[in-house]
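Reader: Hi! I am new to reading structures, and I would like a close look at one part of this one. Could you walk me through the aromatic rings and what surrounds them?

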Amino acid sequence: MHVRRVVPNLRTEDPEACGAFYARLGLTPAMDLGWITTLTGTGTGTGTGGGTAPAQLSLMTEDLTGPVVPDLSIEVDDVDTAYEELRAAGAELLFPVRDEEWGVRRFFVRDPDGRVVNVLGHR
């Protein structure tokens, strides 16, 4: 299994004010579904292993179908394998694997420190 990206998710009551704040730091909207806006930087980051990816940050007022706003999202190449590995390890699964109308397959899991992780893959 390979990780494609990790994106912090910030809960906000005022996405416009937060978006304006982060725009001053060079982040611009790449996706806006109303309840979630993903901001990206204009350049590419320097990932380990020689990979590069743009910096990303998501602002969320809620999660449209999930039980809570997750603390971070991790995009993997095989959501079902990730789910089975975490289930077999006894991890606390908060939201079962499902296909969302906006084109991702995902589930929620709690990490050992209590953070909620949205594990996803684009279909």
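To start with, is Tyr22 buried or exposed?

Author: Happy to help! First, this is a predicted model, where local features need pLDDT of at least 70, side-chain atom pairs count only at pLDDT 80 or more, and totals for chains, interfaces and linings use all residues. Residues are numbered from 1 along each chain as its sequence is written, and side-chain values use heavy atoms, with hydrogens and water left out.

Now to your residue: Tyr22 counts as buried, at 19% relative accessibility, because buried means under 20% relative accessible area, exposed over 50%, and partly exposed in between (1.4 Å probe, protein chains only). Phe21, with 45%, is partly exposed.

Rings of Phe, Tyr and Trp (its six-membered ring) pair if their centres lie within 6.5 Å; planes under 30 degrees apart count as stacked, over 60 as edge-to-face and the rest as tilted. By this rule there are four aromatic pairs. One of them is Phe21 with Tyr22: the centres are 4.9 Å apart and the planes at 90°, so this pair is edge-to-face. Another edge-to-face pair is Tyr83 with Phe107, whose ring centres are 5.0 Å apart and whose planes stand at 85°. Tyr83 belongs to helix α2 and Phe107 to strand β7, so this pair ties together parts 24 residues apart in sequence. Helices (H or I, at least four residues) and strands (E, at least two) are DSSP runs, numbered from the N terminus. Both Tyr83 and Phe107 are buried.
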